[in-house]
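I had the structure open and a fresh page in the notebook. These are my entries, in the order I looked things up.

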Amino acid sequence: MTGKYPDISDILARKEAARREKSAWPFQRKVEAVERMRERVQSMRAARERQRKRQSLLDQRLR
Amino acid sequence: MALSDTILVLNQMVADGVIRQYAIGGAWAAIYYAEPVMTEDLDVLISFDDVSGADRPGLVLLTPILTYLAAKGYSDFQKEGLSIEGWPVQFLPVADALDAEALEQAQQVDLGGVSAWILRPEHLVATALKVGRAKDLVRVAQFLEQELVETDRLCTVLKKHGLSEEWSTFCVGTGMRNPCRDVS
C-alpha cells in the first residue's frame, strides 16, 4: 500500500467475474436463486411484523 | 409457487385467445440475460387481437384478462400484481411504438423446460432508459458492462424511438464511451 487507501481493484475485478459467471448460469439455476432470495425476504418481513406486534403489545401493557 | 407454472398460464392465455401475444420484461427478462437479482413480481407486456378498445384506459383493457383468470381461480392481488401460481404478475398493455416493436421482436426461449416469450436485451435497455429510474439506469449499465446487447441493434432502436439524447446523457453521466457514435 503506497497511498492513503488500499488498491481494491483485484476485489472489484473478482466481483465483476462473479457477476459474469452468474449471468452465464442456466436459467433454472437463476430461478432457484431468486426464489431463495424471495423466501428470505418474506421470512425477514414476517419476523419484522412479529417484532412490531410484540412491541405494540408491550407498549400497550406499559401504558 | 414455481415460475414455470406461472408461465404455463400465460401460454394458455395465448392459446385461449385472451391475449394475442406476451413477452416477459422487467427484472425477470434481465435475469434471463444477466445475473439473478431479487424481484417479487413478473412484468408481462401484452397485446390483444381485439384492438377496438385500444383508446380505453389500461385498467379497463385488462378487464377480460382479469375475468378469464378469476374463472381459473386467480383473483388475489399482491400489491399491484395478480397472483398466478404464487407470483404476482403485472400485465402491461403495449403503450407506445417501442413497446409494440419490443413485443413483435421478442424471442421465444426455453425457461427451464417451459417455452416463453421474452424481450430482447436491446429493447430492455431502451425501455429502462425511457423509464429512467435509478434502478433502470443500473440495469442499462449492467447490460453494457457485460456486453449483453448487440451494439448496432441497440443504436438502431434508440434512434428509431427518439432516445438518442437520453442515451448521450446517460453515457456522459456514467463516463461510458457512446458506442452509437461509431455506428453509422
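**Entry: a tryptophan in chain B.** I started by asking which residues Trp28(B) touches once those up to four places away in sequence are left out. I found Thr39(B) and Leu42(B). Trp28(B) itself sits in helix 2 of chain B, residues 26–33. Buried or exposed, I wondered about Trp28(B)? I counted 27 C-beta neighbours inside 10 Å, so Trp28(B) goes down as buried. I also looked up its distance to Val125(B): the two are 97 residues apart in sequence, yet their C-alpha atoms are 13 Å apart in space.

**Entry: how far to trust this.** Note to self: this is a predicted model. I wrote down ipTM 0.81 and pTM 0.87. Chain B has a mean pLDDT of 91, with 91% of its residues at 70 or more. Where in chain B is confidence lowest? That is helix 3, residues 58–61, with a mean of 69. Strand 1 of chain B, residues 21–24, has the highest, at 97. My reminder for the margin: where pLDDT is low, the predicted coordinates should not be read in detail.

**Entry: helix 6 of chain B.** Val125(B) made me look at helix 6, where it is one of the buried residues. I found the helix mostly covered, with nine of its 11 residues buried. The buried run goes on with neighbours of several kinds, including Pro121(B), Glu122(B), His123(B), Thr127(B) and Leu129(B). What covers them? My list includes helix 2, helix 5, helix 7 (134–145), helix 8 and helix 9 of chain B. Just past the end of helix 6, I noted that Gly132(B) has a positive phi of about 75°.

**Entry: helix 8 of chain B.** Next I took helix 8, residues 151–160, and found Leu154(B), Cys155(B), Val157(B) and Leu158(B) buried. They span an arc of only 160° around the axis, so they are on the same side of helix 8 of chain B. That agrees with what I remember of helices: an α-helix has 3.6 residues a turn, so residues three or four places apart point the same way. I then checked what the buried residues of helix 8 pack against, and it is helix 6 (121–131) and helix 9 (164–174) of chain B. Just after helix 8 there is another glycine to note: Gly162(B) takes a positive phi of about 65°.

**Entry: a hairpin in chain B.** I turned to strand 6 (residues 107–111) and strand 7 (residues 114–118) of chain B, which run antiparallel and are joined by five bridges. Gln107(B) has Ile118(B) of strand 7 opposite. Two residues lie between the strands of this hairpin, and Gly112(B) has a positive phi near 60° there.

**Entry: the two domains of chain B.** The domain assignment splits chain B into domain 1 (3–119) and domain 2 (122–182). I noted 24 Å between their C-alpha centres. How many residues does each domain bring to the contact? I got 10 from domain 1 and 11 from domain 2 of chain B. On the domain 1 side, helix 2 and helix 5 (97–104) of chain B are the elements that give two or more residues. That side of domain 1 has eight nonpolar residues, two polar and no charged.

**Entry: where chain A meets chain B.** For the contact between the chains I counted 13 residues from chain A and 12 from chain B. On the chain A side, helix 1 (9–23) and helix 2 (27–62) each supply at least two residues. Helix 2 of chain A gives the most, with nine residues. The chain A side divides into six nonpolar, two polar and five charged residues.

**Entry: the start of chain A.** Last, I looked at Gly3(A), which is in the segment before helix 1 of chain A. Gly3(A) has 6 C-beta neighbours inside 10 Å, so I put it down as exposed. From Gly3(A) to Ala18(A) I noted 15 residues in sequence and 28 Å in space, C-alpha to C-alpha.

Technical notes: Residues are numbered from 1 along each chain as its sequence is written. Chains are lettered from A and ligands numbered from 1 in the order in which they are written. This is a predicted model: local features need pLDDT of at least 70, side-chain atom pairs count only at pLDDT 80 or more; totals for chains, interfaces and linings use all residues. Two residues are in contact if their C-beta atoms, placed from the backbone, lie within 7 Å. Helices (H or I, at least four residues) and strands (E, at least two) are DSSP runs, numbered from the N terminus. Ala, Val, Leu, Ile, Met, Phe, Trp, Tyr, Cys and Pro count as nonpolar, Asp, Glu, Lys and Arg as charged, and the others, Gly among them, as polar. Two strands pair if DSSP finds at least two bridges between them. A residue is buried if 20 or more other C-beta atoms lie within 10 Å of its own, exposed if 12 or fewer, and partly exposed in between; C-beta atoms are placed from the backbone. The arc is that of the directions from the helix axis to the C-beta atoms. Domain bounds come from an automatic or database domain assignment. pLDDT is the predictor's confidence in each residue, from 0 to 100.
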